[in-house]
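Student: I'd like to learn how to read a model like this one, feature by feature. Can we start with a helix and work outwards?

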Amino acid sequence: MHRWLVHALVAFVLLLPAAGIPAAEPFVVEDIRVEGAERLEVGTVLNYLPVRTGERFSQEDARRAVRALYDTGLFRDITLYRENGTLVVEVDERPAISEINLEGSFSIDEEVLLDSLERIGLARGRIFDRSVFSQINQVLRNEMYSRGKYGMELETEVRELDRDRVAIDILLREGKAARIRQINIIGNRAFSDDELKELMQSGIPGPLAFWSSADEYSRTTLEGDLEAIRSHYLNRGFVNFSISSSQVTITPDRKEIYITINVDEGRPYTFGSVELAGDLPFPREELLEQVVINAGDTFSRQRVIESRSGIAGRLAEAGYAFANINVIPQPDEDERRVDVRFSIEPGKKVYVRRISFVGHVSTEENVYRREMRQFEGAQYSPTAVDRSRIRLQRLPQVQSVEVSTERIAGRDDQVDVEFRLTERPTGQLSIGAGISSTEGLIFNIGVQQKNLLGTGRDLNIDINTASDNRRFIVRYTNPYYTDWGVSRSLRFDYEETDPSDIVSTRDFFSDRLAVGFTYDIPISEFDTVNLGLDVEGRRISTTASTPAEIETFLAQRGTEFGYLKGTLGYRRDTRNRTIFADRGTLQRVNATVALPGGDTEFVKLGYDFESYTPVGGNVVFAPRFEIDWGRGYGDDENLPFFERYFAGGIRSVRGYAGGSLGPQYPDSDPRGGDLRTVGSLELAFPPLWAPDSPNTRLSVFYDFGTVFADEDTFEASELRTSLGASYNWRSPIGPLSFSYAQALNDEPGDDTQKFQFTIGTLF
């Protein structure tokens, strides 16, 4: 008999009227009083009670009331009785769960286990139910068994706390995962066991793969493996392929697992005809261009999916964002051929009602809105939305961008687009101070802010007050100097050296003053032309170590040089982000000319190339190449010594000391040259300890390059090479780069340097 029915009968007896009134006679409820409620509000109990004052109350109403209160799951016991015209409801509340404590040794994230318990009703704040509590063992065993943890041990305890609360203590020891001892595939003829096992993540590692966990059984992994096998067959013509069964057998000691997969291959099919049906908004030929199916080719489900996606993408670009495209395969069993029909319902054209930005706490909204290539009120374009996302992602203050498109309720022709941003700090402050007996107080401060006051502008200030080398540098960039995207950069560089305060072996010192500007003018979505002009002055001071070549040059030309330097460049940038790009290219061509009439006349040309291509997983292949050439003109045949190129170091050829490669003076100091060529072949990937971090990258690389006196001395055999690994980290104190490289073909006199690091720009 149900417990609520027992209490209803009790209520029936208790509700018998006072002496002299017939038994079970109904009465009018003048008042309702709730007793025993501690955590619950009285109003909550009354809301569940199907009785109101002023109503007649009978034994049938008593049964109904008790049942309604029990059905809430909030009460252990319920009693109803009558005091004259008052209905008294006495309740005994179930305790609430105050704590769930998971302890022990387990590798599964605790939140995953708590979520599993919450799905059956066990969570902090919920009402405690003994019948639900008894399911803990089965729920946690399912989680562990799905990961091959068949040796798990589990202990549970309920502790009563004050104020009618309980704590649930769970001690879980997962034990070792059962290992896959053997995988058998039965029924395969077209592909060998080895071919199919190569598709699976589950398996038996080779003798040298000590780190592999492929033999740790996981139900989820096995399901993915079965789908990989299914896709392999369906993409190679086996339309009727099926996996008839998969059995997982565990040994009695729960340590080893045997997996048997039974497959039914069927026969291979080819593609037949392709038909487009439905309401086509533009010529059939345009949509057929998106179809990658050819009659007579081996049937492939992947090609069907790609064709459907291509048609959907073409329709979306025309504004039909929610086109319905049904694929109807029509197999011919006799001919072993599949005709494919795409049934197209384009629907209405879709327009963007509103574009919003979420997460911009330190940046003005207009900084993000001006990067949009999708506009409000315009026809919806997936390409424009994705390009907008990439442009946001390329901003230095943006760590990540997620895009969501929401349909407007009641409208089938409008959407809202939301960009959810995660910002990163872009400011860097470096301060240094010291005291010297000869120089007095030395103070250095550097400030870099790539998102000045949230405006998206870039400001760099570097001040050094040392008496031997005073420096003051200011650089300011407004990326949107005009509304249509022209960027303007202003520069002021001043550096003054006092050789009399230095005991040095440097070749020379240079006091320098430069003031200039640059305009970057976009000519397309990916292409930019830049124009710049600098006024530059130098005063050269020699030292006891100055080479005779420089002494002769200064004796002939003087020690002070002033010139006007113009720059012209072109850049094409298709990278998806500027830091840690994983696809796209960057190409730059630039020319610098010291204009006629200055104290020195020269021209410098350069070309840079970078490429980023995913090659599997999170690994990116990133080749880089750079060539620079310069030559004097007029009275100068070569570049002046203070404009020469140098190579070597963490930003060019790692494994060799900075600026050390190429021609040397008689005292073996680097001389520099008029031609530089450097490059790198690199594989970059997230580190194992932070696979999802957007701020760190590991890489292995092969670097090559050197400097030549001029183009006539170029010899490919003179290029220096190195092999190594690097680690880049966008740390809270600024970008850090570390590399360890082994020089492969260094010559006597080369200055090798295995470990190198730098703080500054990563790319």
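Tutor: Sure. In helix α4 (residues 110-119), Leu113, Leu114, Ser116 and Leu117 are buried. Buried means under 20% relative accessible area, exposed over 50%, and partly exposed in between, with a 1.4 Å probe and protein chains only. Since α4 is one of many labels here, note that helices (H or I, at least four residues) and strands (E, at least two) are DSSP runs, numbered from the N terminus.

Student: Why do the buried residues of α4 line one face of the helix?

Tutor: Looking down the axis of α4, they fall within an arc of 155°, so they share one face; the arc is taken from the directions from the helix axis to the C-beta atoms.

Student: What do the buried residues of α4 pack against?

Tutor: They pack against β6 (96-105), α6 (136-145) and β8 (165-173), where contact means heavy atoms within 4.5 Å. Just after α4 comes Gly121, with a positive phi of about 100°.

Student: Before we go on, what are the ground rules?

Tutor: This is a predicted model, so local features need pLDDT of at least 70 and side-chain atom pairs count only at pLDDT 80 or more, while totals for chains, interfaces and linings use all residues. Residues are numbered from 1 along each chain as its sequence is written, and side-chain values use heavy atoms, leaving out hydrogens and water.

Student: Okay, sheets next. In which order do the strands of the open three-stranded sheet come?

Tutor: The order is β2-β5-β4, with mixed pairing; two strands pair if DSSP finds at least two bridges between them. Its edge strands, β2 (31-35) and β4 (75-83), each pair on one side only. On average, neighbouring strands are turned by 20° against each other, direction ignored. Strand β4 runs antiparallel to β5 (residues 86-93), and eight bridges join them. Thr79, for instance, has Glu90 in β5 as its bridge partner.

Student: Which helix lies across β4 and β5?

Tutor: That's α3 (residues 59-71), running at about 150° to β4. Axes are lines fitted to C-alpha atoms, for helices over the stretch in contact, and angles run from 0 to 180 degrees between N-to-C directions.

Student: How many bridges pair β24 with β25?

Tutor: Strands β24 (residues 527-542) and β25 (residues 560-573) pair antiparallel over 13 bridges, with Gly537 opposite Gly562 in β25. Then nine bridges join β25 to β26 (residues 584-594), again antiparallel, and there Gly569 stands opposite Asn590.

Student: And charges?

Tutor: Side chains of opposite charge can pair when their charged atoms come close. The cut-off for a salt bridge is a side-chain nitrogen of Lys or Arg within 4 Å of a carboxyl oxygen of Asp or Glu. The whole structure has 55 of them. Asp582 forms one with Arg577, closest N and O atoms 3.2 Å apart, and another with Arg583, at 3.7 Å.

Student: Are Arg676 and Glu626 buried or exposed?

Tutor: Both are buried, and their side chains meet in a salt bridge (3.2 Å, N to O). This pair links distant parts of the chain, 50 residues apart: Arg676 is in β30 (residues 675-685) and Glu626 in β29 (residues 624-632).
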